[in-house]
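Welcome! Please take a moment with the sequence and the 3D view below, and then we will walk through the parts together.

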Amino acid sequence: MKRVAYYKGCSLEGLAAEYDRSTHAVCEAFGIELVEIADWNCCGSTPAHSYDPLLSAALAGRNLAIAADQGCDMVMTPCPGCLKSLKGAQEACEDPGLRKPFVELVGRDVDGLKTVSLLQLLYEEVGPVAIKKAVRRPLTGHVLIPYYGCLLTRPAQKAKFDDPENPVSMDRLLEATGALVPDFPYKTECCGATYGVTRNDFVGKLSGRILDMTARLGGEAIVVACPLCQQNLDMRQDQINKYQKSALHLPVPYISQVIGLALGMDPKELGMDKLCVSPDILFEDRAEAEGKAQGPGAAA
Amino acid sequence: MRIGVFVCNCGTNIAGTVDTAKVASEALTFADVVYATNYMYTCSEPGQQEIQRAIGEHGLQGVVVAACSPRMHEPTFRRAVEKAGLNKYMFEMANIREHVSWIGNDKAANTAKAADLVRMAVAKLRFNQPLFSSKMPVNKRLLVIGGGVAGIQAALDCADGGMDVVMVERKQYIGGKMAQLDKTFPTIDCSSCILGPKMVDVSQKENITLYASSEIESISGYIGNFTVDIRKKATYVNWDACTGCGACMEKCPAKNTPDVFNENLGSARAINIPFPQAIPKKAVIDARHCRQLNGKKCGVCAKICPVKAIDFEMKDTIVTEKVGAIIAATGYDLFDHSVYGEYGAGRYPDVITGIQYERILSASGPYGGHIQRPSDGKEPKNIVFLACVGSRDASVGRPYCSGVCCMYIAKQAILTKDHLPESNSYVFYMDIRAPGKNYDEFVRRAQEEYGVQYIRGRVAKIYPRGDRMVVQGADTLLGVQVEVEADLVVLATGIESSAGAGELAEKLRISYDQYGFYMESHPKLRPVETNTAGVYLAGACQGPKDIPSSVAQGSAAASKVQSLFAHDTIETNPQVALVNERNCIACGKCIQVCPFGAIQWKELRGGIKKAEVLPTVCQGCGVCNATCPPKAVQLQHATDNQLLAEVNELCA
């Protein structure tokens, strides 16, 4: 069983609890032991790195140091914002000018640790082939839209994963569930991010485009891997509909939820009931209609 | 030996950070130095006369000049001492400019280092021997590698001068990229109309031997006497028999062969003559797509061919040619835009490259010169051009400007308006680079007379919306985001070095830069020479170039060859390895290590074997000298004694 340190981050404690639950369920199914970082603290998020890079590095770095002390060589966080902070800590530790104060603040170096997103973990450590094999309830006949958001593969020098402008890892994973995955041009466009709080007309416009394009391509759901994207697209979907005078009804599940569903897990166990826009449409079994001969995952 | 030392001030280049007078006075204390002075510009006419005067007045037997790099002026000073009656190898140069004054500011340290370098040069000179070159006949035949417009120009110029020319082209036709173009800027004259006659000339001139579908296998020898092995690739068609009638193409059933000449727009047949004016007009079978060659039953072309030219058993053959000079004119390739994920990474059929658009515009192209979209054949209304795709972008490893894209976009936009008066063209650009004769006027015409919308800014993303492409970018002059719904997007992909340029450079023993472009001998003053004597450059293999510059460089390279061939003989370089037979133990190590095959066995009376250097083949690299266990092989002018004398002085 592969041991991977798990950095949950604040979103997965509250708003994105279903992301946390489904991540645990899917990782367990594929034999990945998630070791929660003991006494973890906030990654520093936007306030820390816009105030002082060293403060940001030290806050995130403390978590890495604990993970290393717990004997892990890989740290996974489902949140792309946390991931960027963790990568920033690693960069500071390697920076000749910052290394000394960093080690002084954190208490040790964090060399040799690999930090990954949940998407990267599933793509590189499990992979589409293994997922396809494990599918019990294929999503054949469902059209799913992969949406990566701005941070998962960017900035390229930091993320070092997939193509920064045209990522395909989530496409491959979703195809493995049996779903039909169209080429989505807005894969890495901005959802409006934290402007949801101060200027929700921005989110109305930016997330609105993403939802529109999803509908235009015949997508039934838009699959995400970032709690903030999920919030804007799902929780604010009514606001967006009001803003752009539309009547969209597109569920926004996490990648872990969709994979869990395909593995045959109970939607409740995956926290599907926590989504604002009802994901019921995903529970329809269309494999029969598509023709039994195809069998599990045949669409991929 | 009576030695004179001349320390050059080089204006303030050296004197600014080196006390040249002190170096000269110190030199007077070195063994055998009887005269030393410093001078403002030693390389100038009076500077050289000063050396010659001193040789006569002080009875000098050897001269040291402490100045710039010997790459620059060693030949100048060698000539000067030769004129004054010395052997030109009784001369040494100490580089106190590039190696001292230009790289340090500490005057005291610089002066001491300069004096050290002069001391080493004096120590070496004391062991110098007069060397004499011999004369070798020049083989007055020229090899041109690459049959694009630059190579054609060079070949025709030399052939007009009465020389024999061998042209090698790896494609099955000559004409290069220019043969694929529709019209040319800034005159909008038809590319094949101006290139065609030149291609015909190449095929008709009796003193030009053309090897198409051929590549350079290996090159040996040296200026005046190169031996070149040429690999004639199997074409599966006997070209002596083939009349170019094209009957085979019509009947060939392999209809899904990619049409490379038309940049993969549409398809060709496995047996193909790429375009009507092709020179040589001979068919070639694409072995990857031919049914017969892939084990299926076919052979239709063999049955249909009226002259029985098809030969499925054909193999590559090697021919050897002897030439006296080589012009590399291997051209360029185009940047592969699939690294730009934001532009679709090559997924969208209606996002095409500039060269593809040339084929669409061309009357002999895949759509007969009618502008239509590759995806559905519809006539486009809005066409967007993107400049600098793979140019001036360090993030994809192409920081340089390709030089031609601004112009060819303007040309294509003008032609688009001519073909489709109702269409709208948009150009996203960073800067407009139009520095040639009548170039800027041409771009202005595109903007002012043809109404092409120029938008200054980069494009962030291209994606499909319905059956159109959305081009999302910035207008940095207005400071706003812009979105254009386009029917067709043309990416002005930049120029990169030709595939395989590096391997050919190694065969030619010439250098190339980090992007694969061949290095000229001097960026300003020796633009078509290389650092290998007898090898010259023409066209875009040396760097991105448009047609006028490529042609000019082709002619320039040809004139260099003609001035070389104006001599019946050339002087050999006496700085080569020499075997002292008394010391040679016939171990054969030197023969093994020589990279040029310049050492062979020689049998003395009684069957005793010794190594022997062929002075005409030896390049003077010195590897044999370093390898030889009893030090029997010595590189003349860089013998062990000479090098050790320098080291001893340095360590003294």
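How many Å apart do the C-alpha centres of domain 2 of chain B and domain 5 of chain B lie? The answer is 36 Å. Please keep in mind that this is a predicted model.

To place those two domains, it helps to see how chain B is divided. Domain 2 of chain B is made of the stretches 141–229, 318–331 and 498–565, while domain 5 covers 577–636. The table lists the domains of both chains.

| Chain | Domain | Residues |
|---|---|---|
| A | domain 1 | 2–117 |
| A | domain 2 | 136–294 |
| B | domain 1 | 3–125 |
| B | domain 2 | 141–229 + 318–331 + 498–565 |
| B | domain 3 | 247–304 |
| B | domain 4 | 339–495 |
| B | domain 5 | 577–636 |

Now let us turn to chain A. The C-alpha centres of domain 1 and domain 2 of chain A are 25 Å apart. Where the two domains of chain A touch, domain 1 brings 19 residues and domain 2 brings 21 residues. On the domain 1 side, two or more residues each come from helix 1 (17–29) and helix 4 (80–94) of chain A. Helix 1 of chain A gives the most to this side, with 9 residues. By type, the domain 1 side holds 10 nonpolar, 5 polar and 4 charged residues.

Finally, how many residues does each chain give to the contact between chain B and chain A? Chain B gives 6 residues, and chain A gives 6 residues. The chain B side is made up of 3 nonpolar, 1 polar and 2 charged residues.

Key. Residues are numbered from 1 along each chain as its sequence is written. Chains are lettered from A and ligands numbered from 1 in the order in which they are written. This is a predicted model: local features need pLDDT of at least 70, side-chain atom pairs count only at pLDDT 80 or more; totals for chains, interfaces and linings use all residues. Domain bounds come from an automatic or database domain assignment. Two residues are in contact if their C-beta atoms, placed from the backbone, lie within 7 Å. Ala, Val, Leu, Ile, Met, Phe, Trp, Tyr, Cys and Pro count as nonpolar, Asp, Glu, Lys and Arg as charged, and the others, Gly among them, as polar. Helices (H or I, at least four residues) and strands (E, at least two) are DSSP runs, numbered from the N terminus.
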